[in-house]
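Subject: Structure handover and notes

Hi,

Here is the structure I promised, with my notes below it. Please read them with the structure open.

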Amino acid sequence: MNSSAISTKGKLNFGKQGWMIVILQACIFWVVAGCTTHGLNVILPGLSETYHLDYNQLLMAATPASWLAIPAAPFCSWLIQKKGIKFNLIFCLIGCIVSYGLLGYCSSITSFVICFGLESFFATGFGYIGGTALVANWFVKKQGLALGFCTFGQTFSSAFFVPALVWSFSTFTFQHGFWVMSVLMAIILFVVIFFVANRPEDAGLLPDNEDPSLITQTIQQEKVLDKYPYLNFRTLLKMKDVWLIGAVRGLIYIVLVGVTAQIIPRLVSLGLELNQAIAYMSGAALFGTLGAYTWGWLNDKLGIKVAFTSYTTWWIVAILLNIIPESQTALLVSLGMIGLALPGATNYCTAFTSAKFPRSAYAKAMGIAHPIESILRCCAFSIMAFGLTYLGGYTGAYLLLIAIGVITIVLIWLTNLTPLEPIQTNRH
């Protein structure tokens, strides 16, 4: 389809259905980011206190538990190809509703690993595989801007998920409080079942809310574009850029998870009271709402490689400021920068992948790229635990994260993001 023949209707005119997808994915990001990362700030101390479990052992156990998210990507990629994105979302939401609700009853390290592992599997399946594939289907030219709004969910998760979880624990007890979040996931499930279409074409629309008069032509072309018959797991495994994309995604998430999953204990270690630390985190995240749209705009203006490099550099500076000794000003600036950075990772990881693998190829590529990301991202907890134990506390741990940020920038520029050809006549 000739893109020049299409009216964009304004960059922010996503249409009613398009905006519903954006808001839905923002809610999904809110839940997934909170369940898999932010909530650990109070879940691990809560489990430790309630069941008299060693906190450092729980933190270490979070890594092997997170490894159960690794097979989620190839499985959900296969499920999407066989049954569609909507089926995958429903299946994974049901699994996450149950496994997250059971976390409050984990009275041993083993039961925690099982429940958190299953929750990580299903959350990855509906949040980062199914959800981002849905956005990739509904938005092509406007994807960066759409993701900018979607990632408001992650920012608000950083601000409100922990306070909401603390409220649910105090209201319904630690054991039963997890079901409050499960109820919120059930509401998302209801919306998916009754209001979501796999692709805009299935609802009589076009990606980016383009001219509906082109719908017939587009569907005919998409019948070819959706196939990518030469693209399978074996082919993807041989592609260097898939490995680089997965590595970049994983390394930037080591930095993000390493900071955010421990930000409250870090602030407490600096002498703040728990409630004050939570307030600081929430304030930083609310300030970070300014970054949600800004990172998407930057991607739209500068291109994904320059934008992603700028984003990673931002993280490095924020962490450096955080370890300046006895400087309240540097700490506050660091928290503001961290807040602004929170919504950018998912935006750029999705855009980085879809730049090489557009639309229907996206889910296939995620079947390989996301496990690579997950293997690396799961190391964040162990890296932090190693730094805290052997490198002199948070300063040593944060210096490790800075080194990982530098490696990320190098790999960004080693990746060839030339879009994949939908059809290759000469394949070997």
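The expected span of a helix is 1.5 Å times one less than its number of residues. Helix 15 has 19 residues, so it should span 27 Å, and its end C-alpha atoms are indeed 27 Å apart. Keep in mind throughout that this is a predicted model.

Overall picture

The protein has 20 helices and zero strands. Its radius of gyration is 21 Å, close to the 22 Å that the globule rule gives for 428 residues, so the protein is as compact as a globular protein of that length. Along the principal axes, the C-alpha atoms fill a box of roughly 60 × 40 × 40 Å.

Of the 428 residues, 59% are buried. Contacts reach far along the chain. Taking those between residues at least 6 apart in sequence, 84% join residues at least 24 apart. The exposed surface comes to about 16,700 Å², and carbon and sulfur atoms supply 68% of that area. On charges, there are 23 positive and 16 negative, and their mean positions lie 11 Å apart.

Helices 15 and 16

Back to helix 15. Its buried residues are Ile304, Lys305, Ala307, Phe308, Thr309, Tyr311, Thr312, Trp315, Ile316, Ala318, Ile319 and Asn322. Note that Lys305 and Asn322 are on that list. What covers these residues? The cover includes helix 11, helix 12, helix 14, helix 16, helix 17 and helix 20 (394-414).

Helix 16 covers residues 328-341, 14 in number. Its first and last C-alpha atoms are 20 Å apart, close to the 20 Å expected. This helix is mostly covered, with ten of its 14 residues buried. Among them are Ala330, Leu331, Ser334 and Leu335. Gly336, Met337, Ile338, Gly339, Leu340 and Ala341 are buried as well. The buried residues of helix 16 pack against helix 11 (240-260), helix 12 (263-269), helix 13 (274-287), helix 14 (289-302), helix 15 (304-322) and helix 17 (344-356).

Ile324 sits in the loop between helix 15 and helix 16. Its relative accessible area is 38%, so Ile324 is partly exposed. From Cys115 it is 209 residues away in sequence and 38 Å away in space, C-alpha to C-alpha.

Two buried residues

Which residues does Tyr128 touch beyond its sequence neighbours? Tyr128 lies in helix 6 (residues 109-138). A relative accessible area of 7% makes it buried. Leaving out residues up to four places away in sequence, Tyr128 touches Phe29, Val32, Ala33, Ala123, Gln154, Tyr253, Thr346, Tyr362, Met366, His370 and Arg377. Thr350 is 222 residues from Tyr128 in sequence, yet their C-alpha atoms are 8.7 Å apart.

His38 belongs to helix 1 (residues 15-38). Its relative accessible area is 3%, so His38 is buried. Outside the four places on either side in sequence, its contacts are Ala33, Gln154, Ser157, Ser158, Val162, Thr260 and Met281. Ala33 and Gln154 are in contact with His38, and Tyr128 touches Ala33 and Gln154 too.

Helix 8

Trp179 is in helix 8 (residues 152-195). Is Trp179 buried, exposed or partly exposed? At 30% relative accessibility, it counts as partly exposed. Trp179 touches Ile97, Val98, Gly101, Leu102 and Tyr105, with residues up to four places away in sequence left out. Val98 is 81 residues from Trp179 along the chain, and the two C-alpha atoms are 8.5 Å apart.

Thr173 is in helix 8 as well. Its relative accessibility is 41%, so Thr173 counts as partly exposed. Its backbone deserves a look.

Positive phi

Most residues other than glycine have a negative phi. Thr173 has a positive phi, near 75 degrees. His52 also has a positive phi, near 55 degrees. His52 is found in the loop between helix 2 (40-51) and helix 3 (55-66). With a relative accessible area of 73%, His52 is exposed.

Best wishes

Technical notes:
Residues are numbered from 1 along each chain as its sequence is written. This is a predicted model: local features need pLDDT of at least 70, side-chain atom pairs count only at pLDDT 80 or more; totals for chains, interfaces and linings use all residues. Side-chain values use heavy atoms; hydrogens and water are left out. Helices (H or I, at least four residues) and strands (E, at least two) are DSSP runs, numbered from the N terminus. The radius of gyration is taken over C-alpha atoms; the globule rule is 2.2 Å times the number of residues to the power 0.38. Buried means under 20% relative accessible area, exposed over 50%, partly exposed in between (1.4 Å probe, protein chains only). Contact means heavy atoms within 4.5 Å. Accessible areas come from the Shrake-Rupley method with a 1.4 Å probe; for residues, only the protein chains shown count as cover. Lys and Arg count as positive and Asp and Glu as negative; His and the chain ends are not counted. The place of a charge is taken as NZ of Lys, CZ of Arg, CG of Asp or CD of Glu.
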